[in-house]
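Biologist: I am new to reading models like this one. Could you walk me through it, step by step?

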Amino acid sequence: MQRLSPIIAKTSLILLALFSGLHFAGARFNPSKSVAQGLYWQVDQPIEKGAYVLVCPPDTDIFKLAKQRGYLTAGFCPNNYSGMMKWVAAITGDEIRIDQTGIQINGQRLAHSKALATDPGGRPLP
């Protein structure tokens with residue numbers, strides 16, 4: 001039983017080094033369901049429609065509420081927020097309209113874009 005602790009310690013250090021190396025190489029894991037779960041690679045390319053971006057949320061009341069309710073977890077962004085991976089639906093020059101029925105980009109309605117009144121727990125959403 002005493003030999004197990006050094007093995008666990010060495011394995012933990014190896015895994016930490018591996019995951020740190022992957023992170024510094026540009027690997028990002030998305031555990032949320034907002035986009036497909038999985039491993040993504042950070043690239044240095046211009047942002048275009050259809051791309052995925054990783055953003056740090058600003059420290060505003062709405063994101064404080066999101067963290068408080070567990071929609072966001074702790075992470076490496078400023079103010080201890082986790083990053084949010086999102087799909088780019090519109091870019092400069094696109095016409096965006098938002099109303100009670102959802103979001104339109106250049107006259108095309110985005111599926112499932114209507115604002116929800118409550119979260120899955122029944123709590124009101126601002």
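**Reading the fold**

Modeller: Gladly! Let us begin with secondary structure: the protein has 2 helices and 7 strands. Please keep in mind that this is a predicted model.

Biologist: In what order do the elements run from the N terminus on?

Modeller: Starting at the N terminus, the order is α-β-β-β-α-β-β-β-β.

Biologist: How does the radius of gyration of the protein relate to that of a compact globule of 126 residues?

Modeller: The idea is to set the value beside a reference. A compact globule with 126 residues would come near 14 Å, whereas the protein has 19 Å. The spans along the principal axes add to the picture: the C-alpha trace covers about 65 × 40 × 25 Å.

Biologist: And which domains does the assignment give?

Modeller: There are two entries to look at: domain 1 covers 3-88 and domain 2 covers 92-125. Their contact takes 4 residues from domain 1 and 7 residues from domain 2. Taken over C-alpha atoms, the centres of domain 1 and domain 2 are 25 Å apart.

Biologist: What share of the residues counts as buried?

Modeller: Here the cut-off helps: a residue is buried if its relative accessible area is under 20%. In the protein, 17% of the 126 residues count as buried. The accessible surface comes to about 10100 Å², and carbon and sulfur atoms own 62% of that.

Biologist: How should I read contacts along the sequence?

Modeller: Look at how far apart the partners are in sequence. Among contacts between residues at least 6 apart, 35% join residues at least 24 apart.

Biologist: How many positive and negative side chains are there?

Modeller: The protein carries 13 positive and 8 negative side chains. Between the centres of these two sets lie 13 Å.

Biologist: Let us turn to the backbone. What is there to look for in phi?

Modeller: The general idea is that most residues other than glycine have a negative phi. Asn79 has a positive phi, near 65°. You will find Asn79 in the loop between α2 (61-69) and β4 (84-87).

Biologist: Which other residue can I look at, and where does it lie?

Modeller: Try His112, where phi is positive and near 60°. His112 sits in the segment after β7 (108-109).

Biologist: Why does Asn79 count as partly exposed, and why is His112 exposed?

Modeller: Partly exposed runs from the buried limit up to 50%, and exposed means over 50%. Asn79 counts as partly exposed because its relative accessibility is 48%. His112 is exposed because its relative accessible area is 84%.

Note on methods: Residues are numbered from 1 along each chain as its sequence is written. This is a predicted model: local features need pLDDT of at least 70, side-chain atom pairs count only at pLDDT 80 or more; totals for chains, interfaces and linings use all residues. Side-chain values use heavy atoms; hydrogens and water are left out. Helices (H or I, at least four residues) and strands (E, at least two) are DSSP runs, numbered from the N terminus. The radius of gyration is taken over C-alpha atoms; the globule rule is 2.2 Å times the number of residues to the power 0.38. Buried means under 20% relative accessible area, exposed over 50%, partly exposed in between (1.4 Å probe, protein chains only). Contact means heavy atoms within 4.5 Å. Accessible areas come from the Shrake-Rupley method with a 1.4 Å probe; for residues, only the protein chains shown count as cover. Lys and Arg count as positive and Asp and Glu as negative; His and the chain ends are not counted. The place of a charge is taken as NZ of Lys, CZ of Arg, CG of Asp or CD of Glu. Domain bounds come from an automatic or database domain assignment.
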